Amino acid sequence: MITDARSVPTGTVVETDVCIVGAGAAGITLAREFINSGFRVVLLESGGVEREQATQDLYDGRNVGHPYAVFPESRLRYFGGTTNHWGRVWCDLPHPLDFEEREDIPYSGWPFSLSHLEPWYRRAQRVLKFGPSGYDLSEWGIALDNIPKPFNGPHFICRVLHQAPSTRFGREYAPELRRARNLDVYLHANGLRFDASENGKEVRQVRVGVLPDGRFSVRARIFIVAAGGIENARLLLLSEGESGVALGNDRDLVGRFFQLHLEYQGGFIELRNPYVDLKFQTGEQGARLNRIGAARRFVSYVTISDDTRRRLGIANLKVRFQYPRIPEIDALLRLFHRTGGRVGMTRDLRAVGRRFRGVAAYMTRRMIHGRNLPPVPLASIPLNCTSEQLPNPDSRIGLGSDLDAFGLRKVVVDWRLTAEDRRGMAVGSRLLGAELDRAGFGRLRSTVPEHDGEWPADMRGDQHHMGTTRMHRDPNLGVVDENCRVHGVANVYVAGSSVFPTGGTFNPTLTIVALALRLADHIKERHR
């Protein structure tokens, strides 16, 4: 059942077994796993089924650290969460090294290996609706013999990620949630704070606010926080006990280790051979592979091998090729999506008409080859780089003095980078340049500064918020344990990328869903 919480009388107390706060990818995945499980479940969603500005404004806050232009526009506060942003979803498998503890990388290491998550990754692919395909290059028509040096090892290797359909979880899974007899979804229901027992070892209820002034509460045996990488930390910090210590924050770790992926162009490669075969690289737009029964989409990219990262003691680096396309294709896309306005539509129609043959040739190549093959001859290849931000306890989410519509303290983002983050970029860029030269592939014209204290001029943090309730078996090093339960609190769990100890360069969606599936299995087994 799906209920608009604006119809719930103030003062109502809802009783249930499991209460999930947040209906994005993690929260909806968890809720679906409890259907017909014997557990009564309440799923709280702050927004409705469409974007509403008053609800979106609850995300407002301040950034006091390194400039972060995507905050707060990177999040959506309505049913389905940030999945409502999605076009095609990039689903990337982490490297094994991303999960390993490394002596040269402080605070690195997950409580388990990458292989441990394999069963839940397989299930996550079904949730995201992109089928059973794996990540071996051969499955995507890329033969190792066709990968030129220096991208076939030992320092740089080629990998692929899936481009899943735009599975917007609210729209996709609402009918299933509405039919479930043991599940109640409340829209416009904002988790405000948790009320714990006197000793803080167990949570009794979550207070719920409904704009503009409605209030009720949910009492449960088990609570799961699934509100996103920033709001997960904020909700715990808002849940102070009588001692003034926030829930799960006995060691001042909640909100720390805030990480993003670092995006920047990185430069371009001047090719030695303008006719080089680049079929191993799909470019940013990806490619289509026709399989029996379905066409799958994927993106290939270049990354530093685990052995080289381990030897050099650096963070990960992902490099994607940006193949040029004629500007009239962008005009055609604006016409298709009707985003140019009346004046822009007229201008775009004229542009497409003038270069109709070129547009037709482009579309034909997309249909035949599943991608825009680069023009030949090609003088240079622009790059698009993603670097890993290493764990840093000084990079954090906190609470400010400004108040939101419920009278609660707004979030303060203090995003901080370190010299090691900069070193990883510089070492990766130098290594790529040296390998391109050694292999005779081309010359790197890098835009990554070599001088200390300087960052690429176009560098920005992306929309992947990670690490703020990090996972670790040791309560001195993590907010949640290996099963995502808050240390020292018997019945509160956290779902989402906020539990990631490290972020690598992989898109977090697949791992978020896999961890949510694993958490649901754990709760059903332990608390039945």
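This report describes a parallel sheet, a strand hairpin, a helix pair, several backbone features and a pocket in a predicted model.

## The six-stranded sheet

An open sheet in the model is built from 6 strands, which follow the order β1-β8-β4-β3-β12-β23 and pair in the parallel sense. The edges are taken by β1, covering residues 2–4, and by β23, covering residues 492–494; each has a single partner strand, so one side of each is left without a neighbour in the sheet. On average, and with direction ignored, neighbouring strands of this sheet are turned by 20 degrees against each other.

At the β1 edge, the pairing can be followed residue by residue. The partner of β1 is strand β8, which spans residues 183–187, and the two are joined in the parallel sense over 3 bridges. Within this pairing, T3 has Y186 of β8 as its bridge partner. In general, strands of a sheet pair through backbone hydrogen bonds, and they may do so in either a parallel or an antiparallel manner.

## Strand β20 and its two partners

Strand β20, made up of residues 409–414, takes part in a parallel pairing with strand β5, residues 61–63, over 3 bridges. It also pairs with strand β19, residues 396–403, but here the sense is antiparallel and the pairing runs over 5 bridges. Residue V413 of β20 serves both pairings, being the bridge partner of N63 and also the bridge partner of I397.

The antiparallel pair β19 and β20 forms a hairpin, with 5 residues lying between the two strands. In the turn of this hairpin, G407 has a positive phi of about 80 degrees.

## Packing of helices α1 and α4

Helix α1, residues 25–33, packs with helix α4, residues 169–179, at an angle of about 20 degrees, and the two axes are 11 Å apart. Because angles under 35 degrees count as roughly parallel, α1 and α4 are described as roughly parallel to each other. The crossing of α1 and α4 has a left-handed sense.

## Backbone features in two loops

Two cis peptide bonds can be placed in the loop that runs between α3, residues 118–127, and β7, residues 156–164. One joins K149 and P150, with omega at about 10 degrees, and P150 is found in this loop. The other leads from G153 to P154, with omega near 0 degrees, and P154 likewise belongs to the loop between α3 and β7.

A further backbone feature concerns H188, which has a phi near 60 degrees, a positive value in a residue other than glycine. H188 is located in the loop that connects β8 with β9.

## The second largest pocket

The second largest pocket has a volume of about 450 Å³. Its lining consists of 24 residues, of which A196, S197, E198, G200 and G241 are the closest to the centre of the pocket. By residue class, the lining divides into 6 nonpolar, 9 polar and 9 charged residues.

Strands contribute to this lining as well: β9, residues 190–196, and β10, residues 203–210, each supply at least two residues. The largest share, amounting to 4 residues, comes from β9. As a general point, empty space left between atoms is shown by rolling a probe the size of a water molecule over them.

Terms used: Residues numbered from 1 in each chain as written. Predicted model: local features only at pLDDT ≥ 70, side-chain atom pairs only at ≥ 80, totals over all residues. Heavy atoms only, no water. Pairing = 2+ DSSP bridges. Axes fitted to C-alpha atoms, helices over the stretch in contact; angles between N-to-C directions. 1 Å grid on protein atoms, 1.4 Å probe; cavity = no way out; pocket = protein on both sides within 12 Å on 5 of 7 lines; lining within 4 Å. Points joined across faces, edges and corners; volume = space filled by probe spheres on them. Nonpolar A, V, L, I, M, F, W, Y, C, P; charged D, E, K, R; others polar. Parallel < 35°, antiparallel > 145°, perpendicular 65-115°, else oblique. Left-handed = near helix turned anticlockwise from the far one by under 90°.
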